[in-house]
Amino acid sequence: MEFAIKASGFSAIFFVFAIFFFVFSTASEFIFEKMDFVEFLTSPEWYPTSLSNKRYGTLALLAGTVSVTGLAMLIAVPLGLGSALFISEFTSGVVKEGLKITIELLAAIPSVVWGFIGLAVMNPLIIEVFDAPIGLNVLNGGIILGLMSVPIMTTIAEDALKAVPDSYREASLALGATRWQTAHKVLFPAARSGLLAAVLLGVGRAIGETMAVLMATGHAVQIPGSPLDSVRTLTATIAAELGETAAGSDHYQALFAVGVLLFLLTFGVNLAADLIVRGRSAR
Amino acid sequence: MDEYCIKTRGLKLFYGEFEALKGLDIRFLSGKTSALIGPSGCGKTTLLRCFNRINERYEGVRTEGEVVVQEHDIYSADTDLVELRKKVGMVFQRPNPLPLSVRDNILYGLRLHFSRKYRDASTLDEALETSLRAVHLWDDLKDSLSTEATTLSLEKQQKLCIARLLPLKPEVILMDEPCSALDPDATAKIEELLRDLAGDYSLVIVTHNMAQARRVSDECAFMLLGEVVEMRRTEDLFVSPRDQRTANYIEGRFG
Ligand SMILES: Nc1ncnc2c1ncn2[C@@H]1O[C@H](COP(=O)(O)OP(=O)(O)OP(=O)(O)O)[C@@H](O)[C@H]1O
Ligand SMILES: [Mg+2]
């Protein structure tokens, strides 16, 4: 039994490293021999299938990811932290448990279903409201992705607020503070590292999400000038193109290099979240 | 000033179905120190927490009867909870400074309740110094006002918790076993402080320690199973208790 637990524990670690090794080794020939670092990171021109002049610049894809994720966070941070505050401080008993279960159910909605909502509901709605030529764009992807990131943020942020000692609340209330004042002046500062970790985990979730943004953002490789422009993210590019490339080709390897970039991005965000949480528990 | 800072009439409190206070009529003298003693679970904390209505945080708490503070029943519908809690401050069993600096702890109440124009820097500094002096902390802390309050010793934390009430000029200060987390030395210091504060404020102190009740209080109430058995001048209660149960308790036969 003990052996089985150890084995599954180690195998999890093994698989993570194996996956990274596979992605990195597949990409390594391209990264170290064929690719121009500067072009890869700073050129917005991603033309991997051009016959005469193939170009592998990821800046537009990166801009797609950053713009969609950024908008998603503008939506998800207030919603996620707000609902965490509401659940933790303004409800109790059955209502509280009911809300927590509902939020967890939201987290279980498959991302293709969110993508479907982006296509079938948000798309016509955006065309109608903004009189835009197409409703598959940064706005659509940002809203969908924002809503998708709310549950994880709410859950983690609620945990962080719950961990604030009750004696702080009593101290503040007994001095005549309202629950709002207590939240704003005491709870948020006391829980700030946990709340930050919640936000960063939401960001990580948003950056890595593929299917929903693939369906909702409209597939245009460009640096967006407004929320109504279509874009394509790093993840969507890999998902959309990998099936059409020959294994071992430059394009194939380039997509793995995009994978490495993505990996570094989410790894950085998760590491930051982790360090913050650790920093908190070490105190 | 009223003769009594707090008066209750038929005060009952239920935690769900459980009747923790069974119709209390009790009065606390203004400007004096009153002690509440009684065995564990008799309702001392519950009673104290009725006086600033902080009991209501818990679900399923129901209160009946009246609690009159300054001629006003604080359980009537038109009570302003914020005003009540400014008037009736509370010190808790475990020191609970907020996770802020010493300075921000002391000024917390002022910043909550007074808009900016009434609290320029000099008013705040003055309040800070006055409050810390009143609890004998000024000399120790005047050079470390930005220290995180939660890193102070427990004795200083508890003094700070008393000091942060003072800028709001409370009428009454409620204290729930303020020394139970402290060592004998610190306890002696807090008791000294209580004697200093007596007169300026009406104090109501819950304590497990009968010797402490004798040392600091003018009047003393003995509670048992959600009722007040008797309340009299402290000396009289301890020297010649009227009720047999009081006598048994102060002679250490139970509790
Ligand atoms: N939040 C609560 N919910 C339900 N019952 C409670 C709650 N708080 C206290 N009680 C019950 O009410 C009774 C009185 O409790 P209280 O804490 O007021 O006693 P106490 O005299 O302060 O005791 P101690 O000396 O141990 O502090 C006890 O029987 C206790 O179990
Ligand atoms: Mg108690």
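The contact between the two chains takes 19 residues from chain A and 24 residues from chain B. The model is predicted.

**The interface of chain A and chain B**

Between them, chain A and chain B bury about 1,800 Å². Carbon and sulfur atoms carry 61% of that area. On the side of chain A, E170(A), A174(A) and L175(A) lose the most area to chain B. Together these residues make up 38% of what that side buries.

Polar links also cross this interface. The count is 6 residue pairs in polar contact between chain A and chain B, with both residues at pLDDT 80 or more. The rule also finds 3 salt bridges across the interface. One of the salt bridges joins the side chains of R49(B) and E170(A), at 2.6 Å from N to O. E170(A) thus has two roles in this account: it is among the residues of chain A that lose the most area to chain B, and its side chain meets R49(B) in a salt bridge.

Which elements give two or more residues to the side of chain A that touches chain B? They are α7 (166-174) and α8 (179-190) of chain A. α7(A) gives the most, with 9 residues. By class, this side of chain A has 8 nonpolar, 7 polar and 4 charged residues.

**The fold of chain A**

Chain A has 12 helices and 2 strands. Along the sequence, the pattern reads α-α-β-β-α-α-α-α-α-α-α-α-α-α. Taken along the principal axes, the C-alpha atoms of chain A fill a box of roughly 75 × 60 × 35 Å.

**The surroundings of ligand 1**

There are 13 residues around ligand 1. Those that come nearest are S40(B), G41(B), K44(B), T45(B) and T46(B). By class, the shell divides into 5 nonpolar, 6 polar and 2 charged residues.

Two elements of chain B, β2 (18-24) and α1 (44-50), each supply at least two residues of the shell. The largest share, 3 residues, comes from α1(B).

Oxygen atoms of ligand 1 pair with N or O atoms of chain B as follows.

| Residue | Part of the residue (N or O atom) | Distance to an oxygen atom of ligand 1 |
|---|---|---|
| G43(B) | backbone | 3.0 Å |
| K44(B) | side chain | 2.8 Å |
| T46(B) | side chain | 2.4 Å |

Taken alone, ligand 1 exposes 630 Å². The protein buries 64% of that area. K44(B) and T46(B) appear both in the table, through their side chains, and among the residues that come nearest to ligand 1.

Definitions and conventions. Residues are numbered from 1 along each chain as its sequence is written. Chains are lettered from A and ligands numbered from 1 in the order in which they are written. This is a predicted model: local features need pLDDT of at least 70, side-chain atom pairs count only at pLDDT 80 or more; totals for chains, interfaces and linings use all residues. Side-chain values use heavy atoms; hydrogens and water are left out. A residue is near a molecule or strand if one of its heavy atoms lies within 4 Å of it. A polar contact is a pair of N or O atoms within 3.5 Å; within protein, one must be able to donate a hydrogen and the other to accept it, and residues adjacent in sequence count only if both atoms are side-chain atoms. Accessible areas come from the Shrake-Rupley method with a 1.4 Å probe; for residues, only the protein chains shown count as cover. Helices (H or I, at least four residues) and strands (E, at least two) are DSSP runs, numbered from the N terminus. Ala, Val, Leu, Ile, Met, Phe, Trp, Tyr, Cys and Pro count as nonpolar, Asp, Glu, Lys and Arg as charged, and the others, Gly among them, as polar. Contact means heavy atoms within 4.5 Å. Buried area is the accessible area (1.4 Å probe) that two parts lose on being put together, summed over both. A salt bridge is a side-chain nitrogen of Lys or Arg within 4 Å of a carboxyl oxygen of Asp or Glu.
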